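User: Hi! I keep meeting words like "buried" and "partly exposed" and I'd like to learn how they are decided. Could you take me through a structure?

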Amino acid sequence: MKSYRIGLFGLWRGMSFIPILKGFEDVTVAAFCEKDEGKLKSALEQVPGAKACRDFDELLEQNLDAVFLCNYFHQHAECAVKAMERGIAVFSECTSAPTLASCVKLVETAERTGGRYMIAENYPFSAALLEMKRLCGEGTLGRILYAEGEYNHTCPKEELAALTPGKYHWRAWLPRTYYVTHTLGPLMHVTGQMPVKVNAIAVHSDVLEQYDDFRHNYDAFAMMNCVTDGGALFRFTGCAAMGSPSGYRFVGENGSCETGRTLGSSVNVTYHHWLIPEGRQGSQTYAPSWPANGELAERAGHGGGDFWTVYNFLEYLRGGPEPFFNVYRGACMSAVGILGWRSSMEDGKTIRIPDFTKKADRDLVRDDDLTPFPDENGRVTLPCATGKAVNGR
Ligand SMILES: NC(=O)c1ccc[n+]([C@@H]2O[C@H](COP(=O)([O-])OP(=O)(O)OC[C@H]3O[C@@H](n4cnc5c(N)ncnc54)[C@H](O)[C@@H]3O)[C@@H](O)[C@H]2O)c1
């Protein structure tokens with residue numbers, strides 16, 4: 001049996017994939033690259049035979065079939081490009097790319113090399129969101145007109161500080177629209193629709209401004225609206241601090257379904273009272289079961305989503321279908337976060353999202369390298385919070 005050799009780059013988030021990968025008979029966790037000695041040591045305790053590499057280039061020399069990019073949020077695209085140039089398949093944590101120019105480079109590298117690429121967006125693969133995909137797909141809700149997603153990740157100051165090590169760490173400079181895959185990803189996966197235009201408004205928080213010693217993104221959340229190619233409206237946050245659990249809702253012409261917020265992992269489906277399908281209730285709340293692999297998914301993180309992303313990617317490596325979250329959808333989600341941020345700085349102006357499958361659209365943005373993430377000298381070309389001047393600190 002062929003054994004797929006996987007390398008992991010970054011062992012904070014990356015560590016959570018080790019037990020999942022070890023569960024597949026045809027996978028060898030072959031090598032790691034991590035500069036933090038403590039994290040590296042604990043990964044090597046789990047996989048004693050793996051090679052510890054000095055840097056990413058050395059990792060790519062380990063005869064790998066695939067690399068898992070779990071390094072810094074804004075450095076995935078450059079690594080994905082290097083890997084695909086060497087014929088190594090890419091499983092990339094969010095986000096695909098930090099600038100529009102790097103979205104173009106990523107897509108064109110995948111096209112030219114025939115590289116296999118998947119953005120490892122996990123939230124769409126909870127039992128609740130898979131059930132809502134089934135419900136929207138069966139058609140009883142009618143055409144989907146509206147969908148919303150709220151991803152809330154709040155924690156105490158000490159925890160935020162621990163998640164933000166170093167003056168130029170990406171979490172200190174992350175605008176509220178950029179971490180968009182956990183909301184937009186589920187909306188795209190459930191409906192099958194692509195965003196074509198975006199606008200956004202960010203809302204400043206005085207409380208977050210008090211954390212200025214280590215974080216400069218003082219907005220509590222940004223709310224984005226996208227018109228889709230299916231004529232629907234998506235309304236969603238990036239990573240938000242809105243004080244409630246995350247939640248998702250899909251509204252069709254005949255009724256709606258939702259999960260999260262006060263429902264936890266249950267799903268509610270409600271039909272207009274005059275359009276209740278035969279054999280259904282007008283409104284029902286239930287805990288959905290897994291379509292398959294429930295026992296394995298149950299053991300993995302993020303409501304089972306971490307299992308499904310790895311499972312889908314391995315199927316792809318084995319010659320199975322291209323995953324839903326391919327390079328075009330990855331680039332599109334990054335572009336929504338990037339252009340949503342530009343919109344919020346222009347008072348909510350509506351901006352068209354490039355269609356990265358089209359060269360003419362790529363040409364419009366191929367030199368657009370504006371970024372809120374600092375280089376090694378702390379230089380940025382965009383502010384990361386509303387009301388904050390570029391390089392104004
Ligand atoms: N999908 C999810 O649910 C989920 C959850 C957590 C994090 N993430 C994503 O995972 C990525 C990593 O986030 P994180 O939470 O692990 O925090 P992080 O970005 O601080 O961790 C990155 C890790 O990579 C290592 N690293 C980075 N550059 C390196 C280099 N050049 N050489 C060696 N080691 C290097 C760092 O030492 C660190 O341990 C981010 O993109 C984040 O968005 C996704």
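Analyst: Happy to help; we can go through this structure label by label, and please keep in mind that it is a predicted model.

User: Why is isoleucine 338 called buried?

Analyst: A residue is called buried if 20 or more other C-beta atoms lie within 10 Å of its own. Isoleucine 338 has 30 C-beta neighbours inside 10 Å, so it counts as buried. You will find isoleucine 338 in helix α12. Leaving aside neighbours within four places in sequence, it is in contact with Thr99 and Leu100. Its C-alpha atom is also separated by 6.1 Å from that of tyrosine 178, although these two are 160 residues apart along the chain.

User: And what makes glutamate 108 buried or exposed, or something in between?

Analyst: Exposed needs 12 or fewer neighbours, buried needs 20 or more, and partly exposed is what lies in between. Glutamate 108 has 16 C-beta neighbours inside 10 Å, so it counts as partly exposed. Glutamate 108 sits in helix α5. From glutamate 108 to arginine 54 there are 54 residues in sequence and 29 Å in space, C-alpha to C-alpha.

User: How do you know that α8 is largely enclosed by the rest of the structure?

Analyst: Eleven of the eleven residues of α8 are buried, and therefore this helix is largely enclosed. Among the buried residues of α8 are Leu184, Gly185, Pro186 and His189.

User: Which residues make the contact between α8 and α6?

Analyst: Helix α6 (residues 127-138) and helix α8 (residues 181-191) pack at an angle of about 35 degrees, and their axes are 8 Å apart. From α6 come Leu129, Met132, Lys133 and Cys136, while α8 brings Pro186, His189, Val190 and Thr191. Sorted by class, this contact has five nonpolar, two polar and one charged residues. Methionine 132 touches further residues too: not counting those up to four places away in sequence, its list includes Tyr248, Phe250 and Val267 as well as Val190.

User: What makes a group of residues a nonpolar core, and which members touch the most others here?

Analyst: Such a core is a set of buried nonpolar-type residues, Met and Val among them, joined through C-beta atoms within 7 Å. The largest one here has 109 residues, and Val67, Ala80, Leu106, Met132 and Val336 touch the most other members. Helix α12 (residues 327-345) gives the most to this core, with nine residues. The core draws at least three residues from each of domain 1 and domain 2. In soluble globular proteins, nonpolar side chains tend to be buried together.

User: Where do those two domains lie along the chain?

Analyst: The domain assignment gives domain 1 as 4-122 + 311-317 and domain 2 as 124-290 + 327-365. Their centres, taken over C-alpha atoms, are separated by 25 Å. In the contact, 19 residues come from domain 1 and 21 residues from domain 2. On the domain 1 side, α5 (100-113) and β6 (117-119) are the elements that give two or more residues, and α5 gives the most, with seven. By class, that side has 13 nonpolar, five polar and one charged residues.

User: Why is the phi of arginine 261 worth pointing out?

Analyst: Most residues other than glycine have a negative phi, and most peptide bonds are trans. Arginine 261 is not a glycine, yet its phi is positive, at about 50 degrees. Arginine 261 lies in the loop between β12 (255-260) and β13 (267-271). With 14 C-beta neighbours inside 10 Å, arginine 261 counts as partly exposed. Histidine 302 also has a positive phi, near 55 degrees, and is a residue other than glycine. With 15 other C-beta atoms within 10 Å, histidine 302 is partly exposed.

User: Which two residues are joined by a cis peptide bond?

Analyst: Cysteine 94 and threonine 95 are joined that way, with omega at about 10 degrees. Threonine 95 lies in the loop between β5 (89-92) and α5.

User: Lastly, which residues come nearest to the ligand?

Analyst: Of the 18 residues around the ligand, Gly10, Trp12, Arg13, Lys35 and Glu93 come nearest. The shell divides into seven nonpolar, four polar and seven charged residues.

Technical notes:
Residues numbered from 1 in each chain as written. Predicted model: local features only at pLDDT ≥ 70, side-chain atom pairs only at ≥ 80, totals over all residues. Near = placed C-beta within 6 Å. Nonpolar A, V, L, I, M, F, W, Y, C, P; charged D, E, K, R; others polar. Domains from an automatic or database assignment. Contact = placed C-beta atoms within 7 Å. Helix = DSSP H or I, 4+ residues; strand = E, 2+ residues; numbered from the N terminus. Axes fitted to C-alpha atoms, helices over the stretch in contact; angles between N-to-C directions.
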